[in-house]
Amino acid sequence: MFRPLEPVRLAEHQEITLVLETTENVASAADDERPIWEVAAALARDIPADALSALPADGAAQHDHYLYAAPKRG
């Protein structure tokens, strides 16, 4: 989905080419030499506390239920 920050003048059904460029130097995964658990912890720090508290407490044990709507296991 294209959500411009400023108004864009386009005709209805007009074909365009969208070029994506980053404005910051983002290191690739291959350049990151940290262990995966440190990468995951760094990513999790950006998740709001209310979103984390809304996650199910049994998510790991019942992942098939939450991902694929399988019946919960006993």
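Biologist: How do I read helices and strands here, and what pattern does the protein chain follow along the sequence?

Modeller: Helices (H or I, at least four residues) and strands (E, at least two) are DSSP runs, numbered from the N terminus. Read that way, the protein chain follows the pattern α-α-α. It has 3 helices and 0 strands. The radius of gyration of the protein chain is 20 Å, well over the 11 Å that the globule rule gives for 74 residues, so the chain is more spread out than a compact globule. That radius is taken over C-alpha atoms, and the globule rule is 2.2 Å times the number of residues to the power 0.38. Before we go on: this is a predicted model, where local features need pLDDT of at least 70, side-chain atom pairs count only at pLDDT 80 or more, and totals for chains, interfaces and linings use all residues. Residues are numbered from 1 along each chain as its sequence is written, and side-chain values use heavy atoms, with hydrogens and water left out.

Biologist: What does the C-alpha trace of the protein chain span along its principal axes?

Modeller: About 55 × 35 × 25 Å. Some pairs of residues help you picture that. The C-alpha atoms of Asp-32 and Pro-4 are 31 Å apart, with their positions 28 residues apart along the chain. For Thr-23 and Arg-3, 20 residues apart along the chain, the C-alpha separation is 17 Å. Thr-22 and Glu-38 are 16 residues apart along the chain, and their C-alpha atoms are separated by 24 Å.

Biologist: How do I read burial, and what share of the 74 residues is buried?

Modeller: Buried means under 20% relative accessible area, exposed over 50%, and partly exposed in between (1.4 Å probe, protein chains only). In this chain, buried residues make up 4% of the 74. Let's try it on the segment before helix 1, where Thr-22, Thr-23 and Asp-32 are found. Thr-23 is exposed at 82%, Thr-22 is exposed at 64%, and Asp-32 is partly exposed at 28%.

Biologist: And the surface as a whole: how much of it do carbon and sulfur atoms supply?

Modeller: Accessible areas come from the Shrake-Rupley method with a 1.4 Å probe, and for residues only the protein chains shown count as cover. The protein chain exposes about 7500 Å², and carbon and sulfur atoms supply 57% of that.

Biologist: Which residues make the nonpolar surface patch?

Modeller: Rule first: patches are made of residues with over 30% relative accessible area and no salt bridge, with like charges joined within 9 Å and nonpolar side chains (Val, Leu, Ile, Met, Phe, Trp, Tyr) within 5 Å. Here Phe-2, Val-8, Leu-10, Ile-16, Leu-18 and Leu-20 make a nonpolar patch of about 610 Å². Take Ile-16 as a sample: it sits in the segment before helix 1 (36–44) and is partly exposed, with a relative accessible area of 46%.

Biologist: Now charges. Which side chains meet in a salt bridge?

Modeller: Side chains of opposite charge can pair when their charged atoms come close. The cut-off: a side-chain nitrogen of Lys or Arg within 4 Å of a carboxyl oxygen of Asp or Glu. By this rule the count is 1 salt bridge. Lys-72 and Asp-58 form a salt bridge, at 3.1 Å from N to O. Lys-72 lies in the segment after helix 3 (63–68) and Asp-58 in the loop between helix 2 (49–53) and helix 3, so the pair ties together parts that are 14 residues apart in sequence. Lys-72 is partly exposed at 46%, and Asp-58 is partly exposed at 25%.

Biologist: Last one: how do I read phi, and which residue has a positive phi of about 65°?

Modeller: Most residues other than glycine have a negative phi, and most peptide bonds are trans. His-13 is not a glycine, yet its phi is positive, about 65°. His-13 lies in the segment before helix 1 and is exposed at 74%. Ala-69 also has a positive phi, near 60°. You'll find Ala-69 in the segment after helix 3, exposed at 66% relative accessibility.
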